[in-house]
Amino acid sequence: MDISRAVRLLRAGELVGIPTETVYGLAADAANPAAVAKIFAAKGRPADHPLIVHIADGAQLPLWAKDIPDAAYQLADAFWPGPLTLILKRQPTVPDAVTGGQDTVGLRVPNHPLTLELLRMFTAAGGSGGVAAPSANRFGRISPTTADHVREELGDAVPLVLDGGPCAVGIESTIVDLSRGTPVILRPGAITAADIERVLHTDTVRPEPVEGREASPRVSGSLDAHYAPTTPLRLVASADLQRAVEDELAAGRRCAVLSFQAIAPRHGLQHYPASHDPAGYAHDLYAALRNLDQSGAQVILVEDLPQGPHWLAVKDRLTRAACGSGVA
Ligand code: TXA
Ligand code: MG
């Protein structure tokens with residue numbers, strides 16, 4: 001069976017593509033630095049970018065983290081398994097290859113039956129119980145939400161991709177840093193600041209100050225350019241969209257559009273309807289970006305999103321996709 005094979009590969013220091021509810025991950029035994037090094041090689045990712053360690057349940061937290069605040073257990077109880085990553089002070093045994101040499105470690109229990117079973121079997125087989133896994137895309141590119149996307153991105157670099165179907169959430173986990181006292185959201189996701197505040201009974205959760213973002217690679221998704229298609233992508237205000245489409249077509253450019261509003265069919269134009277519901281939008285986002293990127297269009301226009309906390313995470317991904325786009 002594939003899960004047993006995956007466990008054998010992990011124990012042998014090899015890589016496995018794993019499904020999660022957010023995006024597919026590229027997994028290696030988190031206790032094996034040589035295995036973790038293969039992740040960076042396969043992704044083309046700078047080695048100082050820390051990885052999230054995926055564990056089977058919250059009871060394993062003390063194996064990886066120390067000085068664990070109550071808030072961590074409260075959030076784990078409320079949201080695990082689920083799309084939330086906690087940044088905590090690390091145990092000294094966690095390899096530097098995983099943490100990028102920082103004194104913290106990112107931990108999460110993913111909510112996918114295949115991967116939870118894999119993590120349980122990996123623990124039972126005497127493994128460390130933790131798998132380090134970034135999103136299974138090449139560095140800076142669109143995260144994969146199906147097993148086929150992983151094969152497209154990484155090909156032969158991964159001996160096995162567990163196929164768990166399309167990811168239910170579709171964008172990466174919310175990251176909350178609990179290592180510095182005040183909880184700080186480092187990356188927005190399906191679990192919002194309000195969700196976290198409700199559990200912690202605090203209104204102190206705040207986004208990382210924008211001016212600090214470029215300064216360190218603590219969260220690679222926080223580099224301005226990320227999640228990016230190779231076709232130039234622009235976010236366009238709703239009121240300007242029809243005109244922008246006309247202008248692109250008039251300039252002789254084939255154009256792909258992701259929008260809430262209807263766009264009349266035209267030669268040289270491909271239209272993808274966007275979901276009006278933020279969860280539906282997130283679910284479809286990366287597959288849509290891949291399709292748009294592969295559509296033969298010379299420019300991608302995306303209708304700007306509504307305001308509001310539930311749109312924050314997809315807005316974040318689209319802004320970065322726009323910023324990093326157009327580089328082959
Ligand atoms: O939903 C997810 O989180 C997916 C699935 C596979 O679990 N994983 C994911 O991994 O998005 P990755 O590596 O693409 O993004 C994880 C982010 C990175 O940007 C990394 O910098 C940040 O988590 N991170 C990991 N450990 C950290 C730490 N100790 N301190 C600050 N940021 C950390
Ligand atoms: Mg990523």
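Cys167 counts as buried (under 20% relative accessible area, with exposed meaning over 50% and partly exposed in between, using a 1.4 Å probe and protein chains only) because its relative accessibility is 3%. Cys323, at 47% relative accessibility, counts as partly exposed. A search of the whole structure turns up 0 disulfides, a disulfide being a pair of cysteine sulfur atoms within 2.5 Å.

Some housekeeping before going on. This is a predicted model, in which local features need pLDDT of at least 70 and side-chain atom pairs count only at pLDDT 80 or more, while totals for chains, interfaces and linings use all residues. Residues are numbered from 1 along each chain as its sequence is written, chains are lettered from A and ligands numbered from 1 in the order in which they are written, and side-chain values use heavy atoms, with hydrogens and water left out.

**Backbone oddities**

Most residues other than glycine have a negative phi, and most peptide bonds are trans. Here are two residues that go the other way on phi. Helices (H or I, at least four residues) and strands (E, at least two) are DSSP runs, numbered from the N terminus.

| Residue | Phi | Loop | Relative accessibility |
|---|---|---|---|
| Asp67 | near 50° | between helix H3 (61-64) and H4 | 61%, exposed |
| His201 | near 50° | between helix H8 (193-200) and strand S10 (206-207) | 72%, exposed |

Then there's the peptide bond from Trp80 to Pro81, which is cis, with omega near -5°. Pro81 sits in the loop between helix H4 (70-79) and strand S4 (84-89).

**Strand S5 and its neighbours**

How many of the 5 residues of strand S5 (residues 104-108) are buried? The count is 5 of 5, so the strand is largely enclosed by the rest of the structure. Thr104, Gly106 and Arg108 point one way from S5, while Val105 and Leu107 point the other way, and all are buried. If you're scanning for charged side chains, Arg108 is among those buried residues.

S5 has strand partners too; two strands pair if DSSP finds at least two bridges between them. Strand S3 (residues 52-54) pairs with S5 in the parallel sense over 3 bridges, and Val53 has Leu107 as its bridge partner in S5. S4 pairs with S5 in the antiparallel sense over 4 bridges, with Leu88 standing opposite Val105.

**H4 against H8**

The axes of H4 and H8 come within 10 Å and cross at roughly 115°. Axes here are lines fitted to C-alpha atoms, for helices over the stretch in contact, and angles run from 0 to 180 degrees between N-to-C directions. Contact means heavy atoms within 4.5 Å. On the H4 side, the contact is made by Ala71, Gln74, Leu75, Ala78 and Phe79, and H8 brings Asp195, Ile196, Val199 and Leu200. Those residues divide into 7 nonpolar, 1 polar and 1 charged, where Ala, Val, Leu, Ile, Met, Phe, Trp, Tyr, Cys and Pro count as nonpolar, Asp, Glu, Lys and Arg as charged, and the others, Gly among them, as polar.

Ile191 lies in the loop between strand S9 (184-187) and H8. Is Ile191 buried or exposed? Ile191 is buried, with a relative accessible area of 8%. Not counting residues up to four places away in sequence, Ile191 touches Phe79, Pro83, Leu84, Thr174 and Ile196. Phe79 and Ile196 also take part in the contact of H4 with H8. For a longer-range pair, Ile191 and Ser259 are 68 residues apart in sequence and 24 Å apart in space, C-alpha to C-alpha.

**The four-stranded sheet**

An open sheet of 4 strands runs in the order S11-S14-S12-S13, with parallel pairing. Its edge strands are strand S11 (233-236) and strand S13 (269-273), each of which pairs on one side only. From one strand to the next the twist averages 20°. Strand S12 (residues 255-259) and strand S14 (residues 299-303) pair over 4 bridges in the parallel sense, and Ala256 has Ile300 as its bridge partner in S14. Helix H11 (residues 312-324) packs on the sheet, touching S11 and S14, and its direction makes about 135° with that of S11.

**One more buried loop residue**

Gln60 lies in the loop between S3 and H3. Gln60 is buried, with a relative accessible area of 10%, and touches Ile55, Thr123 and Gly129, not counting residues up to four places away in sequence. Gln60 and Glu153 are 93 residues apart in sequence and 31 Å apart in space, C-alpha to C-alpha.
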